[in-house]
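Open the model in your viewer and keep the selection tool ready. The tour below goes stop by stop.

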Amino acid sequence: MTEILKINNLHVSVGETEILKGINLQINSGEVHVIMGSNGSGKSTLMNAIMANPVYQVTEGEILYKGEKINDWPTDKRARAGIFMSFQNPDAIAGVKLGDFLRQAKEQVSGQRPSILKFSKELNKEMESLKLDETYRDRYVNVGFSGGERKKSEILQLKILNPTLAMLDETDSGLDVDAVRIVSKAIKEYINEDKAVIIITHHRELLENIKADYVHVLKDGKILYTGDDSLMDKIEEKGYEWV
Ligand code: ADP
Ligand code: MG
């Protein structure tokens, strides 16, 4: 077990408004962390700050990745170092085929151009395991994809990039039963003793097959409470006011 991410007293603003007001968090390898909290509590802001989205300004505090302070690392450097964030509503990209998009993303993250043959094999294998028809590799990214298919293409990206720290923002994506199953299976396959997952979700079922090690409840830019996965049951039953 090694430390993957450590956040000390993190304050984040958008423009003049302070959104995160002193977050402390430690994530070790092999752990699944769930972030819950009502809409607008700052969950997505936290992930965006970890990914160095320039809209979100860190005004105070530290972000350490594998023991190294990364506050001034830009997004691409963090991605190359193994930090990944999925988006709630991935954009459709007309004119870019899914297979090409993934190959380019892989090249950016690994710094090497993967051989077409090797990449094709890997892609086929992962698409098969997601039951995503092989014709999808030649379809434009997310254009005309159903909710479940978008989710599959996002998970495909996770599998292909194989990051050390995966951050999945599932909040508002209106996951149907099928998508919930896809995501939960993918996380289960992905997590091992070298990796860590942070997932934003309101769906307890999403983590039915995977044990969440920690559940954090965010409120007004602070972590109000941290517990184990029984916290999810209580929140589902009693709502956030209870915390
Ligand atoms: P959550 O993901 O918990 O629903 P967010 O992190 O998206 O919450 O948002 C927290 C607060 O920060 C909200 O009040 C939201 O309006 C504000 N906020 C987040 N992103 C932006 C942005 N890009 N521009 C302006 N305000 C933002
Ligand atoms: Mg959000």
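## Stops on the tour

Start with the loop between α1 (43-50) and β4 (57-65), and select Ala52 there. Helices are DSSP runs of H or I with at least four residues, strands are runs of E with at least two, and both are numbered from the N terminus. This is a predicted model, in which local features need pLDDT of at least 70 and side-chain atom pairs count only at pLDDT 80 or more, while totals for chains, interfaces and linings use all residues. Residues are numbered from 1 along each chain as its sequence is written, chains are lettered from A and ligands numbered from 1 in the order in which they are written, and side-chain values use heavy atoms, with hydrogens and water left out.

**Ala52 and α1.** Look at the backbone of Ala52. Its phi is positive, about 65 degrees, although Ala52 is not a glycine. Is Ala52 buried or exposed? Ala52 has a relative accessible area of 17%, so it counts as buried. Buried means under 20% relative accessible area, exposed over 50%, and partly exposed in between (1.4 Å probe, protein chains only).

Now step back to α1, which Ala52 follows. Here 7 of the 8 residues are buried, so the helix is largely enclosed by the rest of the structure. Select the buried ones: Lys43, Thr45, Leu46, Met47, Asn48, Ala49 and Ile50.

**The open sheet.** Next, show the 4 strands in the order β2-β1-β4-β5, an open sheet with antiparallel pairing. At its edges lie β2 (17-28) and β5, each pairing on one side only. Two strands pair if DSSP finds at least two bridges between them. Strand β1 (residues 3-14) meets β4 through 7 antiparallel bridges. Within that pair, pick Ser13 and find Gln57 of β4 opposite.

Move on to the loop between β4 and β5 (68-69), where Lys66 sits. Lys66 is not a glycine, yet its phi is positive, near 50 degrees.

**Strand β10.** Select residues 196-200. What surrounds this strand? All 5 of the 5 residues of β10 are buried, so the strand is largely enclosed by the rest of the structure. Turn on side chains: Ala196, Ile198 and Ile200 point one way, and Val197 and Ile199 point the other way.

Which strands pair with β10 in the parallel sense? Strand β3 (residues 32-36) does so over 4 bridges, and strand β9 (residues 165-169) over 5 bridges. Centre on Ile198 in β10. It is the bridge partner of His33 and also of Met167.

**The hairpin.** Go to β11 (residues 214-219) and β12 (residues 222-227). They run antiparallel and are joined by 5 bridges. Val217 has Tyr225 in β12 as its bridge partner. The two strands form a hairpin with 2 residues between them. In the turn, select Asp220, whose phi is positive at about 50 degrees.

**A charged patch.** Finish at the surface. Select Asp100, Glu128, Asp133, Glu134 and Asp138, which gather in a patch of negative charge. Patch residues have over 30% relative accessible area and no salt bridge, with like charges joined within 9 Å and nonpolar side chains (Val, Leu, Ile, Met, Phe, Trp, Tyr) within 5 Å. A salt bridge is a side-chain nitrogen of Lys or Arg within 4 Å of a carboxyl oxygen of Asp or Glu. Zoom in on Glu128, in helix α4 (residues 116-129). Glu128 counts as exposed because its relative accessibility is 64%.

How values were computed
Areas by Shrake-Rupley, 256 points an atom, 1.4 Å probe, with all protein chains shown as cover. Lys, Arg positive; Asp, Glu negative; His and termini not counted. Charge placed at Lys NZ, Arg CZ, Asp CG, Glu CD.
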